[in-house]
Amino acid sequence: MAGQQAKDADTRSLWFNPPDDGESSRRTLTRERVVAEALAVISTDGAEALGMRALARRLGVVPGALYRHVRSKEQLYDLILDAVLAEVDWRTDPALPWTAQVAMLAHRLRAVLENHPGIAALLKTRDPISPASLALAEAFLASLHAAGRPGRQAALAFRLIYDYTLGFALADPASPAEQRLRDSASRQQLHAFLRSLPASSFPALAAHGTHAWADDREQRFTSGLDTLICGLETAQRSSGVSQPK
C-alpha cells in the first residue's frame with residue numbers, strides 16, 4: 001500500500017507540479033539551435049565576435065558539447081551561411097526573359113543578406129559550396145545559359161551579378177553611413193556642405209553631389225543591376241551569340 005501511495009505521489013508530481021528551474025532552463029542542444037544562436041551573435045556583433053567558448057556560455061553548455069554538433073568554427077560559419085542562403089527563393093519562371101529571372105534572383109539574394117547583418121561580410125570569406133549556395137548558383141547559371149551564352153560567358157556573367165549584389169549588401173543599411181543618409185537632418189547638412197563646395201575646384205560635386213548621397217538605396221541597387229544586365233545584353237549581341245526567341 002505504501003509503495004502504491006508513493007507511486008501515485010510521483011505521478012501527481014510529474015503532471016501537476018511545474019519542473020524545477022534547472023530542468024526547465026535546459027533545452028536539448030541541436031545543430032539547428034547552435035546555428036541559430038551563432039547567427040544571432042553575428043547579426044548583433046559581427047562574425048569576429050563569434051567564439052566557441054562564448055557561444056557555449058550563451059547556450060548554457062560546456063564547449064565540448066558544441067563540438068558534438070560542429071567540428072570547428074569554420075564549419076559553423078559554413079552552416080550559418082547555408083541556413084541564411086536557404087532563405088533565398090531560387091525558383092524562377094522559365095517562361096520569363098532571362099533578364100527578369102536574373103534580376104529577380106539578385107533582388108532576393110540582396111534582401112536576405114540585408115536581413116541578416118554581418119552575413120555578407122562572412123560570405124566574402126568562405127567558398128560557396130553548401131547545398132543552398134549551390135542551388136542559388138545553379139539558378140543564376142541556368143538562366144544565363146538559357147539566354148544563349150556559352151558556359152564560360154554565362155559563368156562570368158553570374159560572377160559579375162553575384163559580386164555586385166554581395167558588394168552592395170556589404171554596405172549594410174544599418175551602417176553609420178547609410179543611417180546618416182536615411183536621417184533627413186543629417187542628409188540635409190551633407191547636401192548643404194556639397195552645394196557649398198567651391199565650383200572652381202569641385203564643379204561636378206557642387207552641382208550634382210546631392211544626387212550621389214541621397215536616401216535612395218533601393219533605386220541605387222536597381223539602377224546598377226539594370227546597367228549590368230543591359231551591358232551583358234550589349235556584349236552578347238556584339239559577340240554574335242544569338243538571343244533565344
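# Notebook: helix 7 and its surroundings

I began with helix 7 and looked up which of its residues are buried: Trp98, Gln101, Val102, Ala103, Leu105, Ala106, Leu109, Arg110, Val112, Leu113 and Glu114. I note at the outset that the model is predicted. Helix 7 spans residues 98-115, which makes 18 residues. From its first C-alpha to its last I read 26 Å, close to the 26 Å expected at 1.5 Å a residue.

I then asked what covers the buried residues of helix 7. The cover includes helix 6 (73-85), helix 8 (119-123), helix 9 (131-146), helix 10 (151-170) and helix 14 (217-238).

**Entry: the chain as a whole**

I looked up the secondary structure and found 14 helices and zero strands. Read along the sequence, the pattern is accordingly a run of α elements. The chain has 245 residues, of which 34% count as buried. I also took the contacts between residues at least 6 apart in sequence; 66% of them join residues at least 24 apart. The chain exposes about 14600 Å², and carbon and sulfur atoms supply 56% of that area.

**Entry: Arg110**

I returned to helix 7 for Arg110, which lies in it. Is Arg110 buried or exposed? Its relative accessible area is 7%, under the 20% limit, so Arg110 counts as buried. Leaving out residues up to four places away in sequence, I found that Arg110 touches Thr165, Phe168, Arg217, Glu218 and Phe221.

One of these contacts is a salt bridge: Arg110 pairs with Glu218, with the closest N and O atoms 2.8 Å apart. Because Arg110 lies in helix 7 and Glu218 in helix 14, the pair ties together parts that are 108 residues apart in sequence. Glu218 has 44% relative accessibility and counts as partly exposed, whereas Arg110 is buried.

**Entry: other salt bridges**

How many salt bridges does the structure hold? The count comes to nine. Among them I looked up the bridge between Arg91 and Asp89, at 2.9 Å from N to O. Arg91 is exposed, with a relative accessible area of 56%, and Asp89 is partly exposed at 28%.

I also looked up the bridge between the side chains of Arg159 and Asp163, at 2.9 Å from N to O. Both residues lie in helix 10, four residues apart, which is about one turn of the helix. An α-helix has 3.6 residues a turn, so residues three or four places apart point the same way. Arg159 is partly exposed at 38% relative accessibility, and Asp163 is partly exposed at 34%. Finally, I recorded that salt bridges sharing partners join Arg110, Glu114, Arg217 and Glu218 into one network. Within this network, Arg110 and Glu114 are among the buried residues of helix 7.

**Entry: aromatic pairs**

I found five aromatic pairs in the structure. One of them is formed by Phe140 and Phe158, with 5.6 Å centre to centre and 40 degrees between the planes, a tilted arrangement. This pair links distant parts of the chain, with Phe140 in helix 9 and Phe158 in helix 10, 18 residues apart. Phe140 is buried, with a relative accessible area of 0%, and Phe158 is buried at 10%.

Next I examined Tyr164 and Phe221. Their ring centres are 5.4 Å apart and their planes stand at 15 degrees, so the pair is stacked. Tyr164 belongs to helix 10 and Phe221 to helix 14, and the pair links parts of the chain 57 residues apart. Phe221 is buried, with a relative accessible area of 0%; Phe221 is also one of the residues that Arg110 touches.

Which residues do ring pairs link into a cluster? They are Phe140, Phe158 and Tyr162.

**Entry: the surface**

I closed with a nonpolar patch on the surface, formed by Phe202, Leu205 and Trp213. Together these residues have about 260 Å² of accessible area. Trp213 lies in the loop between helix 13 (203-212) and helix 14. With a relative accessible area of 37%, Trp213 is partly exposed.

Key:
Residues are numbered from 1 along each chain as its sequence is written. This is a predicted model: local features need pLDDT of at least 70, side-chain atom pairs count only at pLDDT 80 or more; totals for chains, interfaces and linings use all residues. Side-chain values use heavy atoms; hydrogens and water are left out. Helices (H or I, at least four residues) and strands (E, at least two) are DSSP runs, numbered from the N terminus. The expected span of a helix is 1.5 Å times one less than its number of residues. Buried means under 20% relative accessible area, exposed over 50%, partly exposed in between (1.4 Å probe, protein chains only). Contact means heavy atoms within 4.5 Å. Patches are made of residues with over 30% relative accessible area and no salt bridge: like charges are joined within 9 Å, nonpolar side chains (Val, Leu, Ile, Met, Phe, Trp, Tyr) within 5 Å. Accessible areas come from the Shrake-Rupley method with a 1.4 Å probe; for residues, only the protein chains shown count as cover. A salt bridge is a side-chain nitrogen of Lys or Arg within 4 Å of a carboxyl oxygen of Asp or Glu. Rings of Phe, Tyr and Trp (its six-membered ring) pair if their centres lie within 6.5 Å; planes under 30 degrees apart count as stacked, over 60 as edge-to-face and the rest as tilted.
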